[in-house]
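Biologist: Hello! I am new to reading structures, and I would like to know how the words people use are justified. Could we look at one together?

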Amino acid sequence: MTVKIGISACVLGDKVRYDGGHKASSFCMQQLAPLVQYVPVCPEMAIGMSAPRPAIRLQLDAEHQVHLVQSNNSAIDHTAAMLAFTEQKLPQLAQLSGYIVCAKSPSCGMERVRLFDAKGQQLGKLGVGLYTHQLMQKYPWLPVEEDGRLFDPALRENFICRVFSCYDYQQTMQDGFSVGKLVAFHSRYKFLVMAHSPTAYRELGRLVANAKLFAADELQQRYLLALMQALKNIATRKQHANVLQHLQGFLKHGLSTEAKQELADLIQRYRQGFVPLLAPLILLQHHLKQQPNAYVSAQRYFAPYPESLGLRA
Ligand code: SF4
């Protein structure tokens, strides 16, 4: 099994857009491609549209229902066809660990898609692409991100972290869920979650501690959803520094005064923005080699995704 990521086909360079063009993303096609298996989908082509084709848009009717209509003739309504497609397609995507969608599209956009009223007046960037809306409803835990937002280093790192964490969870539970597996999984994720959200760290801890109160199916889904929501918070320098100090605490008895001070200084320089996260992490891992600690070494925090992506540099 490999990490499977759904993706808008135009983001992979397919010329399927309404204007006959594409929206190829070099990050997706070059850096990420060797590490994942893409599942490309163009919902508009899938419902029988051609490329090129007339532009479509999201339009609100008098009952506040959103429709997918042709921009130059709103009597041509693709809503039913798109909903029928999503109903047939989405159950086939249960194995995905993430999804990259094309921004602004009335079918694929994740947020801030232009919404119009029946007279063609713009109501603002208030919509969600019809296909992606259905996708996020069906799989609320699934990491979804837009191609354009992946240019932002923090958002890119955050999305990739969620994708590989989601995949790790799916792999862990692939032969069946058990509370024992959940406890072991959560034990590895404690510090990664703490870096993203100290509040969620406490809430997830409570959920796992109360595991016996839930049916297995409910617990499995609750945990994954809560984990993905926790990791969606951007991990700040302050929170990373806090985690690094916690991890340092596990090693302090075996470190000389000088080594302790050197690590503390490096964490402080990271907190102040003078060195990248990699600097204190490498020193911590060096000390871990000298004083092995199985609990600390197993922390996913040290390697939440493949190093080759260079996201911590
Ligand atoms: S945004 Fe979605 S619907 Fe539009 S061309 Fe790309 S894949 Fe197809």
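Biologist: Let me begin simply: how many helices and strands are there in the protein?

Modeller: There are twelve helices and nine strands. Please keep in mind that this is a predicted model. Along its principal axes, the C-alpha trace spans about 75 × 45 × 35 Å.

Biologist: Into which domains is the protein divided?

Modeller: Domain 1 covers 4-151 and domain 2 covers 153-313. Their C-alpha centres lie 33 Å apart.

Biologist: How many residues of domain 1 are in contact with domain 2, and what makes a pair of residues count as being in contact?

Modeller: A pair counts when the two C-beta atoms lie within 7 Å. By that test, eleven residues of domain 1 are in contact with 13 residues of domain 2. On the domain 1 side, the touching residues are six nonpolar, three polar and two charged.

Biologist: Now for burial. What makes Leu 224 count as buried?

Modeller: The cut-off for buried is 20 or more other C-beta atoms within 10 Å. Leu 224 has 20 C-beta neighbours inside 10 Å, so it counts as buried. You will find Leu 224 in helix 8, residues 216-232. Leaving aside neighbours within four places in sequence, Leu 224 is in contact with Trp 141 and Tyr 169. Cys 166 is 58 residues from Leu 224 in sequence, yet their C-alpha atoms are 7.5 Å apart in space.

Biologist: And why is Cys 102 called buried or exposed?

Modeller: Set its count against that cut-off of 20. Cys 102 has 25 other C-beta atoms within 10 Å, so it is buried. This residue sits in the loop between strand 6 and strand 7. Not counting residues up to four places away in sequence, Cys 102 touches Ser 8, Cys 10, Val 11, Lys 23, Cys 108 and Asp 147. Its C-alpha is also 8.1 Å from that of Ile 7, although the two are 95 residues apart in sequence.

Biologist: Which residues are around the ligand?

Modeller: Cys 102 is one of them. The others are Ser 8, Ala 9, Cys 10, Val 16, Arg 17, Cys 42, Pro 43, Glu 44, Ser 105, Ser 107 and Cys 108. By class, this shell has seven nonpolar, three polar and two charged residues.

Biologist: How do you know whether Gln 272 is buried or exposed?

Modeller: A residue is exposed if 12 or fewer other C-beta atoms lie within 10 Å. Gln 272 has 10, so it is exposed. Its place is the loop between helix 10 and helix 11 (278-290). The C-alpha atoms of Gln 272 and Val 208 are separated by 34 Å, with their positions 64 residues apart along the chain.

Biologist: What is the phi of His 64, and why point it out?

Modeller: Most residues other than glycine have a negative phi. His 64 is not a glycine, yet its phi is positive, at about 65°. His 64 lies in the loop between strand 3 and strand 4 (66-70). With 6 other C-beta atoms within 10 Å, His 64 is exposed.

Biologist: What about Lys 104: what is its phi, and what makes it partly exposed?

Modeller: Phi of Lys 104 is near 70°, again positive in a residue other than glycine. Partly exposed means between the two cut-offs, 12 or fewer and 20 or more. Lys 104 has 19 other C-beta atoms within 10 Å, so it is partly exposed. Lys 104 is in the loop between strand 6 (98-101) and strand 7 (113-116).

Biologist: Where is there a cis peptide bond?

Modeller: It joins Ala 51 and Pro 52, where omega is about 0°. Most peptide bonds are trans. Pro 52 lies in the loop between helix 2 (43-46) and strand 3 (56-60).

Biologist: One last puzzle: why is helix 9 called roughly antiparallel to helix 10?

Modeller: The axes of helix 9 (residues 237-251) and helix 10 (residues 257-271) come within 9 Å and cross at roughly 170°. Angles over 145 degrees count as roughly antiparallel, so helix 9 is roughly antiparallel to helix 10. In their contact, helix 9 residues including Leu 244 and Gln 248 meet helix 10 residues, among them Leu 263 and Tyr 270. The contact residues divide into five nonpolar, two polar and three charged.

Technical notes. Residues numbered from 1 in each chain as written. Predicted model: local features only at pLDDT ≥ 70, side-chain atom pairs only at ≥ 80, totals over all residues. Axes fitted to C-alpha atoms, helices over the stretch in contact; angles between N-to-C directions. Helix = DSSP H or I, 4+ residues; strand = E, 2+ residues; numbered from the N terminus. Parallel < 35°, antiparallel > 145°, perpendicular 65-115°, else oblique. Nonpolar A, V, L, I, M, F, W, Y, C, P; charged D, E, K, R; others polar. Near = placed C-beta within 6 Å. Domains from an automatic or database assignment.
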